[in-house]
Amino acid sequence: MRNNKPSYISEFIISYLGNKQDKTAILGDLEEEYNDLFQRRGSIRAKLWLWKLILVSFPSFIKDRISRSVIMYKNYLKIALRNLVKHKGYSAINIIGFSIGMACSILIALFIFDELSFDRHNEKADRIYRVGAKFGVDRFKIAFTAPPMAEAMMDDFPEIEYAVRMSLWPRNVIVSNSDKRFVEKKIIYADSSIFNVFTIPLIHGDPNTALRDPRTILLTESIARKYYGDQDPMGKFLTIGKENTPYIITGIVKDCNPKSHFQYDFIVSLSTSENSYSDGWMGHTYFTYIVMKENSVPSQLELKFPEFIKRHYGPQFLQKNGMEYDEHLKDEKNYYNYWLQPLMDIHLASEGNDMLSVKGDIFFVYVLSIIAAFILLIACINFMNLSTARYTKRSKEVGMRKVLGSSRRQLIRQFITESVILSLSSLIIAVIFINAILPGFNGFTEKVLVFNIMDNGYIFPGLILFTLVVGMIAGSYPAFFLSSFSPISVLKGAVKQRAGSNILVRRILVVFQFTISIVILIGTFVVYDQLTYMRDVKLGFNRDNIVIVHRSRALGEKFEAFKQELLNSQAVLGVSNTESLPGRHFNPNSHNLEGRPKAEQKVLWTMYGDHEFAELYNLQLSEGRYFSKDISSDQNAVVINETAVEFLGLTEPLGKRFHKDFGEYREGDFVTVIGVVKDINFQSLHEEIKPMIIRNSANIIANYTSIKIKGGYIRETLSMIEDKWNELTGEEPFQYTFFDDDLNNLYRNEQKTGSVFTVFSALAIFIACLGLFGLISFNAEQRTKEIGIRKTLGAKVSTIIMLLSKEITILVLISAVIASPFAFFGMYNWLQNFAYRTSIHPLVFLSTALLTLLIALITIVFQAYKAARANPVKSLKYE
Amino acid sequence: MKDLTLTEEMFLLAVWKLRDNAYGVTIRRHVSEVTDRTYPYGTLYSALDKLVRRGFLTKTESDPTPERGGRSKNYYTITADGLSALKNALELKKAMWGDMNDVILDKGLK
C-alpha cells in the first residue's frame, strides 16, 4: 500500500491549531484517514476533506486563544497594579520621569510637525517651485528673478502649468479710506495667476479678473472688517501712503493661513507697478513661483535653464556690454543660472529666504528633536535601572512563577505589561502637563500650537502607539533580565552572585544618562557665553540711549523743524537722519574707483548718514574728517571704513574719487573720500565686517531718525518727542524703538536656542537625578545590614555617607569625561555660524562637571545621611 | 453520577467493542459505519477527552508506527467505571423501553 501524505502546509496548520499534548497522535489519525480516503475516493476528495476540517476549526480556535490571553492579561494587570501600589516611591519616580519625558517629546513633536507643515495647505503644494537665481563661484543663491521671466518660462516650457510673480510692499505704510487709517505691514503685489498657483480662497470677487487691472486690491476678511465693519467693501476705495490715485477693492480673500511662508493682509495687482512691464533681464525684483505639470521632473527643467537664459538675456547683454554672453560666462566668477526650490522646503531652508515673515530654523528643529529623544531615553533608563535594581525582591516571585509553570515568554510579557502600564499612566499626566505648559511654549516659540487629542484621527492612536513603544523600550531590559533567572538558584538565593553583570549594565546606563545631561548642560553654558560675548563685544559704535523714530519720511519738509524743536529740549543730545541703521539691511552696491577699468568695480555696502551721524553713534575716525555742515562740497563727499581701504588696495585713501552712480561709468560725476572710519560691526555678528561706504544723506529725507537722549526721564522725553511729532505731522502714527533692543533682536534665534537649552538641560538633569535618588535609596536599603555592622564596629556617619556616594561620584566624573569631547565638537560647529565667536573655555567643562556632581550629591546625600544615622540595633534586626 | 450522552455512549461502546484496536481512526470509522452518519474528528476528540477526564477511558500512547509517517497512536481502553457507566446506560434504556418495540411504534398514531 502506498502511503499518501497530506501536503506539508495543511499538516503545519493542523499541528499549529491542535493542542500540544495529543498533537502527534491526532496528526497520525488524520494522516491515516486521509490516506484511506485517498485510496478509496481519489486525491481531490481527500484534500477537500482535509481543508474543510481545517477551515471549520478556525473560529473556535480563535475564540479559544482570545479568551485565554484575556485571562492572562487580566492577571498581569492585577499583579502589575499591585506592584505599583506596593512600591509607591519607585512608581512615583518612574511616572514623574516618564511623564516629563513624554510631555517634552510630544510638545516638540507638535512643534516639528507644525514647522514641517508649512505651505502644505496649498492643493498643488508638491508641484509648486520658486525660481531663484544663483551667482558666481560660490553659487550664491537669491530668490529674486527678473520681471519678464515668468511669462517667458510659460511660453518656452510646456511642463509649466502656471506661473505667478509676487513682491512685497517695501516698508510699513499708512492705508486709509474715507474715515479710517492704520499702519499696515503686510501688503504684497501679485499677478492674477496667484489663484492658479496658491490655494487662496476668494470669498467675494472673481479670481480671473480680481487682480487683472492696475490699482485693484484684495483684502483679507479681518482687514475688511477693520476698515469697513459690517459694510460691504467691494468696489470701495483705499489709499496707500501718500499716493494720489486710490485702489479699488475687487475682492475679499480668507485670512492668510499662518502656515504660509508669505503673509499678507492686502494683495495689490502687480500690474499696478510700472516695473512689471519691464523687459529688462538684469533686475532681480520679483519672486516667481511656478506650478509644474503632473509627472514633470524639476531637475530636467533645470537643465534647460542655461539655454533659456542665453536666449533671452544674451541679446540684451550684448547690446549693453558689447560682448557675447558666452564669452562673459567663460569666466567662472560670472556664473549665472536659475534654480528651483520646492515650495515646501522654503520655510526651513536657509537660502534665499527674503520674503519670509515667519522663518523656520532647521538647526533649531534638529536640536529640539535630538534633545527630546534623549530626555525620553533618560526617563526610560530610570525605569530600567530601578526595575533591575529591585531584582532581588522580584527574583523570588520569578522563581515561584517558573516553578508553577510560567514560561519565559509569559514572564517577559508580564514585565512589559508593567512598564506599559507605567507609561500609560504617565501619558495621562503628560497630557495634563502639556495643556498647562502649552500657552508658555507658544509664547516662546511664537506659534499657535493646539493640542487636542480628538483633533484628528491620528493623534490618539499615535499617542497610544508612542506610549506602547516607550513602555516596551523601557521594559525590555528588565523583562529579559528578570525572566532569565533559573528557578532553582533563585529560590536558593544564589542569584545574588550573578548580579555582577547587572550592576555593570546599571552603571553604564547611569553614565549614559549623565553624559547626555552634561552635554546639554555644556551646550547651555556655551550658548550663553556666546550671547554675553555678542552683547559685550566692541561694536565700534554707541548703542545706549538712542531712540529710533520710524517712518520719519512722513515729516517731509518739516524734518528740520522737528530736529530743531527736539534739540531745543535739554533732554535731547543729538538728532540724525539715516536711511538704514547698524544691524538693519544695507545694500551692497558696485563702486568704480576713478581711473580703474569698469571690470574692476567693487561691491561696497552703502550707508547713508548726515552730518550728525558720526557724532551721535560715536564713530571713530582713523584718517581725515567726517562730513561738516559748513563745507558745501561735502555734498559729494564720502567716508569709507578701514576694511574698504584694505579691500580696494588703497594706500592714500584721502582724495580718491568714486564714480557717483552705482555701477555706472559717467565721466565728471564723482564723490570724493574725505575720511576713513574705524571698523564697526554694522551688520549682525554672524557676519564679518564688510567694506563700507558712508554717503552724505544731508539732503535726503531718510527713513529713520535717531535721537540721542539723556539717561533717566526716558518716559518724559519720549512723550515730548511724540508731542512734537504729532504737532508736525498731523495724525501720522508715531512708531519708535530703542536702538539697543533692535540690536538685541538680531540674536533672537540664539536667545531662543539658549532658553531651550536651559529648560531642557534642567529637565534632563532633574530626571537623571530622580533616577539616582531611587537607586541610592534602594542601595541604602540593601546595605542596611552592612551599615549596621560598620557602625557597631565604630564607623562614623561621614564614613558611611562616603561609602554610599563614592560610586555615584565616580560615575558622574566618568560621564563628564565622556561628555566633554561630544559637547566640544557640537558647540564648536555651532559657533562656526558666527564671524565673531567666543572660545570654548576649558573651565566650562570643569564647572559643568562640578555642578552636575554637586546636584547629584545633593540628591543622594539626604538618603545616605538617613541611612547612616539609622540605629544599628534596628538595622541589624532587619530582615 | 451524570448520565452519558448519546454520543459519549456510542464512542464508549465502540472503544469496548474494538478492544485492542481502539484509536481515533478506528473508533470514528466504526461508529460512522454502524450509525451511517459522519462524526467529525472534532466531536470525536472532545468526546474522548471528556471520557478520559471522567475516568471512563484511559489513554496510552503506542510506539511510532511506520505507516503513519512515524507517528504514534493514542490507544483507548475502557475502565471499570466506564463499563459500569455503559451498563447503567443500557439498564436505563431497558427500563424506559420496557415492553415496547418497533412494531408497536410503527402502529404509533393510528
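**Exercise 1. Find which residues have the most contacts inside the largest nonpolar core, and which helices supply it.**

Solution. Begin with the terms: a nonpolar core is a set of buried Ala, Val, Leu, Ile, Met, Phe, Trp, Tyr and Cys residues joined through C-beta atoms within 7 Å, and a residue is buried if 20 or more other C-beta atoms lie within 10 Å of its own, exposed if 12 or fewer, and partly exposed in between, with C-beta atoms placed from the backbone. The largest such core has 83 residues, and those with the most contacts inside it are A:Ile375, A:Ile378, A:Cys380, A:Ile522, A:Ala764 and A:Ile767. This is a predicted model, in which local features need pLDDT of at least 70 and side-chain atom pairs count only at pLDDT 80 or more, while totals for chains, interfaces and linings use all residues. Residues are numbered from 1 along each chain as its sequence is written, and chains are lettered from A and ligands numbered from 1 in the order in which they are written.

Next, look at the helices, which, like strands, are DSSP runs numbered from the N terminus (helices are H or I with at least four residues, strands E with at least two). Among the helices of chain A that each supply at least two residues of this core are helix H4 (88-116), helix H11 (362-389) and helix H22 (748-782). H11(A) gives the most, with 16 residues.

Finally, take one core residue, using the rule that two residues are in contact if their C-beta atoms, placed from the backbone, lie within 7 Å. Leaving aside neighbours within four places in sequence, A:Ile375 is in contact with A:Gly101, A:Cys104, A:Phe760, A:Leu763, A:Ala764 and A:Ile767. There is also a second, separate core of 55 residues, which includes A:Ala143, A:Phe195, A:Tyr227 and A:Tyr289.

**Exercise 2. Work out how strand E6 (residues 187-190) of chain A is covered and how it pairs with strand E3 and strand E11.**

Solution. First consider the two faces of E6(A): A:Ile187 and A:Tyr189 lie on one side, A:Ile188 and A:Ala190 lie on the other, and all of them are buried.

Then consider pairing, where two strands pair if DSSP finds at least two bridges between them. Strand E3 (residues 160-168) of chain A is joined to E6(A) by three bridges, and these strands run antiparallel; A:Met166 has A:Ala190 as its bridge partner in E6(A). With strand E11 (residues 266-269) of chain A, E6(A) pairs in the parallel sense over four bridges, and there A:Ile187 has A:Phe266 as its bridge partner.

**Exercise 3. Decide whether A:Asp119 and A:Asn618, which have positive phi values, are buried, exposed or partly exposed.**

Solution. Recall that most residues other than glycine have a negative phi. A:Asp119 has a positive phi of about 70° although it is not a glycine, and its place is in the loop between H4 and strand E1 (128-135) of chain A. Because 20 other C-beta atoms lie within 10 Å, A:Asp119 is buried.

A:Asn618 has a phi near 60°, again a positive value in a residue other than glycine, and lies in the loop between helix H18 (613-616) and strand E18 (621-624) of chain A. A:Asn618 has 13 C-beta neighbours inside 10 Å and therefore counts as partly exposed.

**Exercise 4. Check the span of helix H1 (residues 6-18) of chain B, and find where its buried residues lie.**

Solution. Start from chain B as a whole, which has five helices and two strands in the pattern α-α-α-β-β-α-α along the sequence. The expected span of a helix is 1.5 Å times one less than its number of residues, so the 13 residues of H1(B) should span 18 Å, which agrees with end C-alpha atoms 18 Å apart.

The buried residues of H1(B) are B:Glu8, B:Phe11, B:Leu12, B:Ala14 and B:Val15. Seen down the helix axis, they fall within an arc of 155° (the arc of the directions from the axis to the C-beta atoms), so they line one face of H1(B). What covers them includes helix H2 (24-35), helix H3 (41-53) and strand E1 (57-61) of chain B. After H1(B) comes B:Arg19, whose phi is positive, near 55°.

**Exercise 5. Describe the side of chain A that touches chain B.**

Solution. Here 14 residues of chain A are in contact with 14 residues of chain B. On the chain A side, the elements giving two or more residues are helix H2 (23-41) and helix H3 (43-86), and H2(A) gives the most, with nine residues.
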